Amino acid sequence: MSKINELNFIQRIELELLWAFSWCFSIMPYWFKFYLVAPLLSFVLCYLLRYRRGVIMENLENSFPEKSQEELETIAKKYYRNLAEVFVGTVNMAHMPLKKIRRYVHTPNFLEESQHFAGSDVVVAFAHYSLWELGAFWDHLRPEWVSIGVYKPLHSVVMDCYYERLRTTPYSYPVPKREIMRFYLRNREKGWEGRKLAIGLIADQNAHLRPDSHWYRFLNQDTLFYDGPEQLALRYHLPIAYVTIDRLKPGVYTILVDMLYDGKSPAEKHELTERYVRRVEQMIQARPELWMWSHRRWKHKREEQEVREA
């Protein structure tokens, strides 16, 4: 259920002003948004604000110990450029008619790869890589699916409603993380408005530390991952499609799809998450500047769990 009814009068005004600005910005010329605003914002983030500079460099140094300081600095500068484009591209989604989607979002192998899970609900695994919000449009070529974007609600109710509005389109519908199991159980038989469900999950954010947490070796560090895609796939025998969103040029992206799991083969516990981890790691190593380095990804250390168990 939308949180918009929880807003007071002032918050509603804030939301509508923010949406009006986003809509006006989204209809601006392509060159203005991605060749003027994005580079300017990148300069501000990198050189004036030095946004989370310490976190970014620490994450890069720990992830790529084999790289020189000069190489890491180059990645960091490119990362600020990508981060600026994430901000611009996200706001640009306020107005995304089908013609605009087809201009900026290319899906060269979707029709071919989607045959592997046609006629079925599917778990779609993403990462915080490139402009990940475009995952809402990964299936716009096949109207038999609707993208169910699983998200973590924000502390700000105004921003939460703003992102909910951005993510609600004819092709996608957002559902809070804590409600996804109930949502799927309610809709697995009839679908959503008669369409099959493509449940989009991003599992590379910092997971909660639990007594039974499983650690994965990721970018030279012991790392926790959410196992939501694996749990959903194994419990309901669903295939997992892994989606890579790559940046071709400013504002133009390609979405590639390939099968991570067929929904039928036996799999050991943690095996499917391990496959996901390896895909994400491979993607980051290819183009490290496109991943979300300013996030405190490694807040938890394996030693914390060992201390708790002692």
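# Packing, salt bridges and cavities

Me: Which elements do the buried residues of α7 pack against?
Reply: In this predicted model, helix α7 covers residues 157-167. Its buried residues include Val-157, Cys-161 and Leu-166. The buried residues of α7 pack against two helices and two strands: α1 (9-26), α4 (69-92), β3 (145-151) and β4 (172-176).

Me: Which residues in helix α7 are buried?
Reply: Buried here means a relative accessible area under 20%. In helix α7, the residues that meet this cut-off are Val-157, Val-158, Asp-160, Cys-161, Tyr-162, Glu-164 and Leu-166.

Me: Arg-53 lies in which helix, and Glu-73 in which?
Reply: Arg-53 and Glu-73 form a salt bridge, with their closest N and O atoms 2.3 Å apart. The pair ties together parts that are 20 residues apart in sequence, because the two residues belong to separate helices, Arg-53 to α3 (residues 53-63) and Glu-73 to α4.

Me: Is Arg-53 buried or exposed?
Reply: The cut-off for buried is under 20% relative accessible area. Glu-73, the salt-bridge partner of Arg-53, has 24% and is partly exposed. Arg-53 has 16% relative accessibility, so it counts as buried.

Me: What is the N to O distance in the salt bridge of Arg-81 and Glu-85?
Reply: Arg-81 and Glu-85 both lie in helix α4, four residues apart, about one turn of the helix. In general, an α-helix has 3.6 residues a turn, so residues three or four places apart point the same way. Both Arg-81 and Glu-85 are buried, and their side chains meet in a salt bridge with an N to O distance of 3.2 Å.

Me: How far apart are the closest N and O atoms of Asp-222 and Arg-217?
Reply: Both residues are partly exposed, Asp-222 at 28% relative accessibility and Arg-217 at 48%. They form a salt bridge in which the closest N and O atoms are separated by 3.2 Å.

Me: Which residues do salt bridges that share partners join into one network?
Reply: The structure holds 15 salt bridges. Some of them share partners, and the network joined in this way is made up of Arg-81, Glu-85 and Arg-247.

Me: By class, how many residues in the lining of the largest cavity are charged?
Reply: The search of the whole structure finds two cavities of 30 Å³ or more, and the largest has a volume of about 50 Å³. Its lining includes Phe-34, Met-93, Met-96, Leu-131 and Tyr-253. By class, this lining has eight nonpolar and three polar residues, and the number of charged residues is none.

Me: Which element gives the most to the lining of the second largest cavity?
Reply: The second largest cavity holds about 50 Å³ of space. Among the residues that line it are Ala-203, Glu-230, Leu-272, Thr-273 and Tyr-276. At least two lining residues come from each of α9 (228-236) and α10 (271-286). With three residues, the element that gives the most is α10.

Me: The largest share of the largest nonpolar core comes from which element?
Reply: In soluble globular proteins, nonpolar side chains tend to be buried together. The largest nonpolar core here has 55 residues, and Leu-60, Ile-199, Phe-218, Tyr-276, Ile-284 and Trp-293 have the most contacts inside it. The largest share of this core is seven residues, and they come from α4.

Me: Apart from it lies another core, of how many residues?
Reply: Val-88, Leu-166, Tyr-171 and Val-257 are among the members of this other core. It lies apart from the largest one, and its residue count is 42.

Me: What relative accessibility does Ile-245 have?
Reply: Ile-245 is found in strand β8 (residues 240-249). Leaving aside neighbours within four places in sequence, its contacts include Phe-126, Tyr-129, Trp-132, Leu-134 and Ile-255. Ile-245 counts as buried, because its relative accessibility is 3%.

Me: Leaving aside its neighbours within four places in sequence, which residues is Lys-249 in contact with?
Reply: Lys-249 also has its place in strand β8, and at 43% relative accessibility it counts as partly exposed. Its C-alpha is 9.4 Å from that of Phe-34, although the two are 215 residues apart in sequence. Beyond its sequence neighbours within four places, Lys-249 is in contact with Tyr-30, Tyr-35 and Glu-85.

Definitions and conventions:
Residues are numbered from 1 along each chain as its sequence is written. This is a predicted model: local features need pLDDT of at least 70, side-chain atom pairs count only at pLDDT 80 or more; totals for chains, interfaces and linings use all residues. Side-chain values use heavy atoms; hydrogens and water are left out. Buried means under 20% relative accessible area, exposed over 50%, partly exposed in between (1.4 Å probe, protein chains only). Contact means heavy atoms within 4.5 Å. A salt bridge is a side-chain nitrogen of Lys or Arg within 4 Å of a carboxyl oxygen of Asp or Glu. On a 1 Å grid over the protein atoms alone, a cavity is a set of points where a 1.4 Å probe fits but cannot get out, and a pocket is an open set with protein on both sides within 12 Å along at least five of seven lines; lining residues have an atom within 4 Å of a point. Grid points are joined across faces, edges and corners, and a volume is the space filled by probe spheres set on the points. Ala, Val, Leu, Ile, Met, Phe, Trp, Tyr, Cys and Pro count as nonpolar, Asp, Glu, Lys and Arg as charged, and the others, Gly among them, as polar. A nonpolar core is a set of buried Ala, Val, Leu, Ile, Met, Phe, Trp, Tyr and Cys residues joined through side-chain atoms within 4.5 Å.
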